[in-house]
Amino acid sequence: MSYSTQTQAKAEAGEAAGKEFLAFTLGQEEYGIDILRVQEIRGYEPVTRIANAPDFIKGVVNLRGIIVPVVDMRIKFSLGTPTYDQFTVVIILNIAGRVMGMVVDSVSDVTTLSPGQVKPAPEMGTTFDSDYLIGLGTLSERMLILVDIDKLMSSSEMGLIEKIAA
């Protein structure tokens, strides 16, 4: 077997092995994002508001000397009035070298999904733009809405990152 054939076989085996997603909840739904984008998970703490920032940008926090913008995904996706309790968490993301936080209701687990468990997302004309969806992850009784967090956080409406070069 040549080197390139071995490399291709390893890549295919890795693909078949699946991808890991961090599962979190917003309202009644369970979402998943690529675990490789997650830097850390923290409890919710009050943020410093920034004047004239969009509603979904809660403000900023100082994370070990780095000023981190914090986005409340419940406000971003119009999921009702957010409440902040002991389960509310901030997922610290590292996308395109930029650190940012995203507030979610809770985090449940890390799940490995094989390519066969990821189904394409149906077009539904919802408030959640399907451009930001990878698909739906199916696990026996659970369904995860898989979010392309890179695309979402670098979208022009978020205004957090300059467009990631494709």
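Here is a chat about a predicted model, going from its overall layout down to single residues.

Biologist: Before we start, what do I need to know about the pLDDT cut-offs and the numbering?
Modeller: Since the model is predicted, local features need pLDDT of at least 70 and side-chain atom pairs count only at pLDDT 80 or more, while totals for chains, interfaces and linings use all residues. Side-chain values use heavy atoms, with hydrogens and water left out, and residues are numbered from 1 along each chain as its sequence is written.

Biologist: How many helices and strands does the protein have?
Modeller: We take DSSP runs numbered from the N terminus: helices are H or I runs of at least four residues, strands are E runs of at least two. Along the sequence the pattern reads α-β-β-β-β-β-α-β-β-β-β-β-β-α. That comes to three helices and eleven strands.

Biologist: What percentage of the 166 residues is buried?
Modeller: Buried means under 20% relative accessible area, exposed means over 50%, and partly exposed is in between, using a 1.4 Å probe and protein chains only. By that rule, the buried part of the 166 residues is 42%.

Biologist: In what order do the strands of the six-stranded sheet stand?
Modeller: Two strands pair if DSSP finds at least two bridges between them. β8 (106-113) and β9 (118-119) are at the edges with a single partner strand each, so one side of each has no neighbour in the sheet. The sheet is open, its pairing is mixed, and the order is β8-β1-β2-β11-β10-β9.

Biologist: Inside that sheet, which residue of β2 stands opposite A23?
Modeller: Strand β1 (residues 19-26) and strand β2 (residues 29-34) run antiparallel, joined by six bridges. Opposite A23, in β2, you'll find G32.

Biologist: What is the strand order in the five-stranded sheet?
Modeller: This sheet is open too, with mixed pairing, and its order is β3-β6-β7-β5-β4. β3 (38-43) and β4 are the edge strands, and each has a single partner, so one side of each lacks a neighbour in the sheet. From one strand to the next the twist averages 30 degrees. To repeat the order you asked for, it is β3-β6-β7-β5-β4.

Biologist: Why is β5 called largely enclosed?
Modeller: Strand β5 covers residues 66-72. It pairs with strand β4 (residues 57-63) in the antiparallel sense over six bridges, and with strand β7 (residues 98-104) in the parallel sense over three bridges. It is largely enclosed by the rest of the structure because, of its seven residues, the number buried is five.

Biologist: Which residue of β7 is the bridge partner of D72?
Modeller: Let's walk along β5. V68 is the bridge partner of V61, and V70 stands opposite G101 in β7. For D72, the partner in β7 is V103.

Biologist: Which strand gives the largest share of the largest nonpolar core?
Modeller: A nonpolar core is a set of buried Ala, Val, Leu, Ile, Met, Phe, Trp, Tyr and Cys residues joined through side-chain atoms within 4.5 Å. The largest one has 27 residues, and I33, M73, I91, L93, M102, I149 and M153 touch the most other members. β1, β2, β6 (89-95), β7, β10 (133-139), β11 (142-147) and α3 (149-153) each supply at least two residues. The largest share, four residues, comes from β6.

Biologist: How many residues are in the second core?
Modeller: This core is separate, and it includes V61, L63, V70 and V103. Its size in residues is nine.

Biologist: Is E30 buried or exposed?
Modeller: E30 is found in strand β2. Its relative accessibility is 16%, so the verdict is buried.

Biologist: Which residue's side chain makes a 2.7 Å polar contact with that of E30?
Modeller: A polar contact is a pair of N or O atoms within 3.5 Å; within protein, one must be able to donate a hydrogen and the other to accept it, and residues adjacent in sequence count only if both atoms are side-chain atoms. The side chains of E30 and S108 are joined by one of 3.0 Å. The 2.7 Å contact is with R142.

Biologist: How far apart in space are G32 and G135?
Modeller: G32 is in strand β2, and it is buried, with a relative accessible area of 0%. In sequence, G32 and G135 are 103 residues apart. In space, C-alpha to C-alpha, the distance is 9.9 Å.

Methods:
Axes are lines fitted to C-alpha atoms, for helices over the stretch in contact, and angles run from 0 to 180 degrees between N-to-C directions.
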